[in-house]
Amino acid sequence: MKKNTFIMITVALISILTFAISLPFLPSEIPAHYNYLGEADRYGSKYENLVWPVSICAVELLLWIIGRIPKRHSIA
């Protein structure tokens, strides 16, 4: 396994593990948006934070796929 692939998998696993560990400690409803005065004006489910680890995994998967595409060399 290449070093870059190992780092990508490690970052993805750390993000998912951090979310899984912190989930039981979060309240069921958390502030999701703040106005210009710093007051919470929208509340959401604690599961809305799942979008971050999932997006990290999706971007890393996309980068891994792009890295597997063979490079074309132009003949000049």
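**A nonpolar surface patch and the charged side chains**

On the surface of this structure, Val 59, Leu 62, Leu 63, Ile 66 and Ile 69 form a nonpolar patch, and together these residues have about 470 Å² of accessible area. The model is a predicted one. Val 59, a member of the patch, belongs to helix H2, which covers residues 51–68. Because its relative accessibility is 47%, Val 59 counts as partly exposed; the category lies between buried, under 20%, and exposed, over 50%.

Helix H2 also holds Glu 60. Glu 60 is buried and has no salt bridge. The nearest side chain of opposite charge is that of Arg 68, 15 Å away, whereas a salt bridge requires a side-chain nitrogen of Lys or Arg within 4 Å of a carboxyl oxygen of Asp or Glu. With residues up to four places away in sequence left aside, Glu 60 touches Met 8, Ile 9, Val 11 and Ala 12.

A second buried charge is found ahead of the helix, at Lys 46, in the loop between strand S2 (40–45) and H2. Lys 46 likewise has no salt bridge, and Glu 29, the nearest side chain of opposite charge, is 12 Å away. A polar atom of the Lys 46 side chain does, however, lie 3.4 Å from the backbone oxygen of Leu 23. Leu 23 is also among the residues that Lys 46 touches, together with Phe 19, Leu 26, Pro 27, Ser 28 and Ile 30, when residues up to four places away in sequence are not counted.

The loop between S2 and H2 also contains Leu 50. With a relative accessible area of 37%, Leu 50 is partly exposed, whereas Lys 46 is buried. Leu 50 can be related to Leu 23 as well: the two are 27 residues apart in sequence, and their C-alpha atoms are 9.5 Å apart in space.

Where, then, do charged side chains pair? Side chains of opposite charge can pair when their charged atoms come close. A search of the whole structure finds 1 salt bridge. In a salt bridge, the side chains of Glu 48 and Arg 42 meet at 3.3 Å, N to O. Glu 48 counts as partly exposed because its relative accessibility is 35%. Arg 42 is likewise partly exposed, its relative accessible area being 41%. Glu 48 and Arg 42 thus meet in a salt bridge, while Lys 46 is buried without one, as is Glu 60.

Note on methods
Residues numbered from 1 in each chain as written. Predicted model: local features only at pLDDT ≥ 70, side-chain atom pairs only at ≥ 80, totals over all residues. Heavy atoms only, no water. Patch = residues over 30% accessible without salt bridge, like charges linked within 9 Å, V, L, I, M, F, W, Y side chains within 5 Å. Areas by Shrake-Rupley, 256 points an atom, 1.4 Å probe, with all protein chains shown as cover. Helix = DSSP H or I, 4+ residues; strand = E, 2+ residues; numbered from the N terminus. Buried < 20%, exposed > 50% of the residue type's maximum accessible area, 1.4 Å probe, protein only. Lys, Arg positive; Asp, Glu negative; His and termini not counted. Polar contact = N/O pair within 3.5 Å; in protein donor to acceptor, adjacent residues only side chain to side chain. Contact = heavy atoms within 4.5 Å.
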